[in-house]
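Let's take a walk through this protein together. Have the sequence and the 3D view open, and find each spot as we get to it.

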Amino acid sequence: DVAVRRYLAANGVDAAATTVAVGQNQLVFDNVRLGPKAAPDLTARRILIDLKWSAFSLLIAGVHLDGATLKMRADAGDVSFGSLDRLIPPDRSTRFPALRVDASDAAIAVLTPAGTIDVRVDAAGRLDRDFHATGRTTVVALRWANCSATLPEARFTIKTAAQDFAVAGS
C-alpha cells in the first residue's frame, strides 16, 4: 500500500483510505478518497487492486471498484477529472492498458455549466479487449443563463475491442 500512496503523492493527487488487507496478490482499501478533502474527484466504499509479478516487477492486473463515484467536469468541449488528470498520460492516447476493471454500483457526476448530470454505471472487463460498461441517466433539467432544457432518460454502452473503443446508446 505504501507504493500506491507514494505514486499518488508523487503525481500530486491527495488521497486517503483505510488499508484493509495487504497480500501477495491483492491490496484492499476501504473509504477511499482521491482528490481534495473538501471536494473529492473519486470516492469509493472499497477498492481491490489485483497484483501480478512480471519478471522482477510487480504490476497492477486489475481494479475492482465498489460504490465508486467519479466527478467529471465538461465545459466548452473539454473534459477534466480534476486532480486525476495528473494520472493520465500526457499524449491522451486512446490505447487502453491490459488492465481488468470491474465497477458495481458506480456513479459519475458530470458537472457542466448548466448543471449536473448523474450517471449510474456498471462495468466489467479488460480495458484493451473486452471491457463493457452500461450507463443510465434519469430525466435532468439543465439551466444556463436564460436557457433551460430537460434531458430525457438515457442509456448507453461503452465497449472496447483491440485497444480501440466504441460508444452506442439511446
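We'll start with how far the model can be trusted, then move through the core, a pocket and a handful of single residues.

What you're looking at is a predicted model. The mean pLDDT of the chain is 87, with 92% of its residues at 70 or more. That confidence isn't spread evenly: it peaks in strand 2, at a mean of 95, and bottoms out in strand 13 (residues 164-169), at a mean of 53. Where pLDDT is low, it's best not to read the predicted coordinates in detail.

Now for the inside. Nonpolar side chains in soluble globular proteins tend to be buried together. Here, the largest nonpolar core has 31 residues, and the two that touch the most other members are L34 and I47. Quite a few strands chip in: at least two core residues come from each of strand 2, strand 3 (42-54), strand 4 (57-66), strand 5 (69-75), strand 7 (100-112), strand 8 (115-126) and strand 10 (140-144). Strand 3 gives the largest share, with 5 residues. Zoom in on I47 and, once you skip its neighbours within four places in sequence, you'll find it in contact with L27, V28, F29, V32, V63, H64 and L65.

Next, pick out R33, which sits in strand 2 (residues 26-34). Is this arginine buried or exposed? Its relative accessibility is 14%, and buried means under 20%, so R33 counts as buried. Its side chain reaches the backbone oxygen of G35 at 2.4 Å. Beyond its close sequence neighbours (those within four places), R33 is in contact with D14, A15, A16, P40 and L42. As for A44, 11 residues away in sequence, its C-alpha lies 6.8 Å from that of R33.

D14 deserves a stop of its own. You'll find D14 in the loop between helix 1 (2-10) and strand 1 (15-22). Its side chain and that of R33 are joined by a polar contact of 3.1 Å. Leaving out neighbours within four places in sequence, D14 is also in contact with L34, G35, P36 and K37. D14 has a relative accessible area of 41%, so it is partly exposed. For a sense of scale, the C-alpha atoms of D14 and F96 are separated by 25 Å, with their positions 82 residues apart along the chain.

Time to look for empty space. The second largest pocket has a volume of about 240 Å³. Its lining includes M72, I108, V110, I117, V119, T137 and F156. Strand 7, strand 8 and strand 12 (154-161) each bring at least two lining residues.

Strand 12 is also home to T160. This threonine is buried, because its relative accessible area is 7%. Its side chain reaches the backbone oxygen of L127 at 2.7 Å.

Last, a couple of backbone oddities. Most residues other than glycine have a negative phi. D105 has a positive phi of about 55°, though it's not a glycine, and A145, also not a glycine, has a positive phi of about 55° too. Where do you find D105? D105 lies in strand 7, and at 38% relative accessibility it counts as partly exposed. A145 lies in the loop between strand 10 and strand 11 (147-151), and with a relative accessible area of 70%, A145 is exposed.

Technical notes: Residues numbered from 1 in each chain as written. Predicted model: local features only at pLDDT ≥ 70, side-chain atom pairs only at ≥ 80, totals over all residues. Heavy atoms only, no water. Helix = DSSP H or I, 4+ residues; strand = E, 2+ residues; numbered from the N terminus. Buried < 20%, exposed > 50% of the residue type's maximum accessible area, 1.4 Å probe, protein only. Contact = heavy atoms within 4.5 Å. Polar contact = N/O pair within 3.5 Å; in protein donor to acceptor, adjacent residues only side chain to side chain. Core = buried A, V, L, I, M, F, W, Y, C linked by side-chain atoms within 4.5 Å. pLDDT = per-residue confidence, 0-100. 1 Å grid on protein atoms, 1.4 Å probe; cavity = no way out; pocket = protein on both sides within 12 Å on 5 of 7 lines; lining within 4 Å. Points joined across faces, edges and corners; volume = space filled by probe spheres on them.
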